[in-house]
Amino acid sequence: MTASGGCECGAFRYEIDGAPKAVIVCHCTHCQRQSGSAFGMSMVLAANQFQLLHGVLKSFSRQADSGSTINCYFCPECGNRIYNQKTGGESVVILKPGTLDNPKAITPSRQLWTSEKQNWIELSDLVAFEYQPG
Ligand SMILES: [Zn+2]
Ligand SMILES: [Zn+2]
């Protein structure tokens, strides 16, 4: 599969090649704040599956609860988060799949941090973890 995507203003565009390793729904409070919504989604890709078409991203870093450093890449024009990458884990891109042109092609494989999910959400068909599985 080849799929394209980009930020909200269109300054940044990318393409991905091949199937993702995983698509994860995350209910943690970081993801809720980042998305400004009910949960976050992550599509785990090998870095060589992610192809820049045009645009330049800015990044900032935050400390995850696990102790690792997460580098968060976003469009400096519109602020749209595109992907995250762990320091020391540059072979993997954790894409925000809501930025794909055809998000209907996404099938999540599991959900994390249901202990922090908003009360109205019921994703009962999806494998669930209360926290981040080790
Ligand atoms: Zn943009
Ligand atoms: Zn999260």
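How many bridges join strand 3 to strand 10, and do these strands run parallel or antiparallel? In this predicted model, three bridges link strand 3, residues 22-26, to strand 10, and the two strands run parallel. Within strand 10, leucine 112 is the bridge partner of cysteine 26.

This pairing belongs to a wider arrangement. Seven strands make up an open sheet with mixed pairing, and their order is 6-7-8-9-4-3-10. At its edges stand strand 6 (58-63) and strand 10 (110-112), each of which pairs on one side only. On average, neighbouring strands of this sheet are turned by 30° against each other, direction ignored. In general, the strands of a sheet pair through backbone hydrogen bonds, either parallel or antiparallel.

The structure also holds a zinc ion (ligand 1), whose protein donors are the SG atoms of Cys7, Cys9, Cys75 and Cys78, lying 2.3 to 2.4 Å from the ion. The spacing of these donor residues in sequence is C-x1-C-x65-C-x2-C. Cysteine 9 is located in the loop between strand 1 (2-6) and strand 2 (13-17), while cysteine 75 is located in the loop between strand 7 (69-74) and strand 8 (81-86); the pair therefore ties together parts that are 66 residues apart in sequence.

The arrangement around the zinc ion (ligand 1) is tetrahedral, because the four donor atoms subtend angles of 107 to 112°. For four tetrahedral donors, the ideal angle at a metal is 109.5 degrees.

Two of the donor residues may be set side by side in their accessibility. Cysteine 9 has a relative accessible area of 43% and is partly exposed, whereas cysteine 75, at 1% relative accessibility, counts as buried.

Notes: Residues numbered from 1 in each chain as written. Chains lettered and ligands numbered in written order. Predicted model: local features only at pLDDT ≥ 70, side-chain atom pairs only at ≥ 80, totals over all residues. Heavy atoms only, no water. Pairing = 2+ DSSP bridges. Helix = DSSP H or I, 4+ residues; strand = E, 2+ residues; numbered from the N terminus. Axes fitted to C-alpha atoms, helices over the stretch in contact; angles between N-to-C directions. Donors = N, O, S within 2.8 Å, 3.2 Å for Na, K, Ca; no water. Tetrahedral: all angles 85-135°; square planar, octahedral: opposite > 155°, others 65-115°. Buried < 20%, exposed > 50% of the residue type's maximum accessible area, 1.4 Å probe, protein only.
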